[in-house]
Amino acid sequence: MVRDKEATKRKLLDAATNEFATYGIAGARVDRIAKNAGANKALIYAYFCSKEELFEKVVQEQVDLAIRSVPITPDDLPGYAGRLFDRYIEHPEVLRLMGWLRLENGFDAAPDAEIRAHADKVAAIRDAQRAGSVPDHFDAEELLSLVVHLSILGFSSPAATRDLVVRAVGRIVGV
């Protein structure tokens, strides 16, 4: 039987996403990932070299997907916060993976894509502030931090709703 390398990699990445989101890198087991992917454990090492590199690949892939799925709209930060909230509710594994990354590697740990996207988002907000479409009573970096952290409220509070997040960000930006 001929093996489809890309399909096998995809199955391993999907199984690893679930495993790492549930157990973190320290608690994840390569045996479970391979079993859940229907693949041989040796293929994990052949394709990704180590459990740590597989974790990095999973985190990078999930962050890239989240960034592409919810582009920033600096002229509509309440709507952006609402879309982020929706994304995190639909895909809680992203926040879990980032939590594990930071718990196990330090608070400043972040994938390259997140670092680049963050800088781009701050610049977009700053440009909107200069154009007068976004108030400047918060620095662009502070404002993005508030918007993002409010959007993850549903991850930590059962009282959080999309409407609450959108209204709160609206109040912050004066809408």
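A salt bridge here is a side-chain nitrogen of Lys or Arg within 4 Å of a carboxyl oxygen of Asp or Glu. Keep that cut-off at hand as you work through these exercises on a predicted model.

## Exercise 1: Get an overview

Describe the elements of the chain and the space its C-alpha trace spans.

**Solution.**
- Step 1. Begin with the elements: the chain holds 10 helices and zero strands.
- Step 2. Read from the N terminus on, and the order is α-α-α-α-α-α-α-α-α-α.
- Step 3. Turn to the dimensions: along its principal axes, the C-alpha trace spans about 60 × 30 × 30 Å.
- Step 4. Look at burial next: of the 175 residues in the chain, 41% are buried.
- Step 5. Finish with contacts between residues at least 6 apart in sequence: 59% of these join residues at least 24 apart.

## Exercise 2: Place the annotated domain

Find which residues the UniProt annotation "domain: HTH tetR-type" covers, and describe that span.

**Solution.**
- Step 1. According to the UniProt record, an unreviewed entry, this domain covers residues 6–66.
- Step 2. In the model, residues 6–66 are 89% helix and 0% strand.
- Step 3. The C-alpha atoms at the two ends of this span lie 22 Å apart.

## Exercise 3: Follow a salt-bridge network

Work out which residues are linked with Arg10 and Asp14 in a network of salt bridges.

**Solution.**
- Step 1. A search of the whole structure gives seven salt bridges.
- Step 2. One of them joins Asp14 to Arg10, with the closest N and O atoms 3.0 Å apart. That distance passes the test of lying within 4 Å.
- Step 3. Locate the pair: both residues sit in helix H1 (residues 5–27), and they are four residues apart, about one turn of the helix.
- Step 4. Check accessibility, where partly exposed lies between under 20% (buried) and over 50% (exposed). Asp14 is partly exposed because its relative accessibility is 39%, and Arg10 is partly exposed too, at 33%.
- Step 5. Add the remaining partner: Glu61 is linked with Arg10 and Asp14 in the network.

## Exercise 4: Tie helices together

For the salt bridges Glu19–Arg32 and Lys41–Asp31, say which helices hold the partners.

**Solution.**
- Step 1. Take Glu19 and Arg32, whose side chains meet in a salt bridge at 2.6 Å, N to O.
- Step 2. Glu19 belongs to helix H1 and Arg32 to helix H2 (residues 30–37), so this pair ties together parts that are 13 residues apart in sequence.
- Step 3. Compare the accessibility classes: Glu19 is buried, at 4% relative accessibility, whereas Arg32 is partly exposed, at 30%.
- Step 4. Move on to Lys41 and Asp31, where the closest N and O atoms of the salt bridge are 3.2 Å apart.
- Step 5. Lys41 lies in helix H3 (residues 41–48) and Asp31 in helix H2, so this pair ties together parts that are 10 residues apart in sequence.
- Step 6. Lys41 is partly exposed, with 38% relative accessibility, while Asp31 is exposed, with 51%.

## Exercise 5: Describe how H1 meets H3

Give the crossing angle of the axes of H1 and H3, then list the residues that meet.

**Solution.**
- Step 1. Recall that two packed helices are described by the angle between their axes and the distance between the axes.
- Step 2. The axes of H1 and H3 come within 11 Å and cross at roughly 105°. This makes H1 roughly perpendicular to H3, since angles of 65 to 115 degrees count as roughly perpendicular.
- Step 3. On the H1 side, the residues are Lys5, Thr8, Lys9, Leu12 and Leu13; they meet Leu43, Ile44, Tyr47 and Phe48 in H3.
- Step 4. Sort the contact by class: six residues are nonpolar, one is polar and two are charged.

## Exercise 6: Examine Cys49

What is phi of Cys49, and where is Cys49 placed?

**Solution.**
- Step 1. Start from the background: most residues other than glycine have a negative phi.
- Step 2. Cys49 has a phi near 75°, a positive value in a residue other than glycine.
- Step 3. Cys49 is found in the loop between H3 and helix H4 (51–69).
- Step 4. Cys49 counts as exposed because its relative accessibility is 52%, and the cut-off for exposed is over 50%.

## Exercise 7: Compare sequence and space

State how far Ala7 lies from Ser145, and Ala123 from Arg83, along the chain and in space.

**Solution.**
- Step 1. Ala7 lies in helix H1 and is partly exposed, at 30% relative accessibility.
- Step 2. Ala7 and Ser145 are 138 residues apart along the chain, and their C-alpha atoms are separated by 37 Å.
- Step 3. Ala123 is in helix H7 (residues 112–131) and is partly exposed, with a relative accessible area of 32%.
- Step 4. Ala123 and Arg83 are 40 residues apart in sequence, with 20 Å from C-alpha to C-alpha.

Methods: Residues numbered from 1 in each chain as written. Predicted model: local features only at pLDDT ≥ 70, side-chain atom pairs only at ≥ 80, totals over all residues. Heavy atoms only, no water. UniProt positions renumbered as here; feature names shortened; annotations may be inferred. Buried < 20%, exposed > 50% of the residue type's maximum accessible area, 1.4 Å probe, protein only. Axes fitted to C-alpha atoms, helices over the stretch in contact; angles between N-to-C directions. Parallel < 35°, antiparallel > 145°, perpendicular 65-115°, else oblique. Contact = heavy atoms within 4.5 Å. Nonpolar A, V, L, I, M, F, W, Y, C, P; charged D, E, K, R; others polar.
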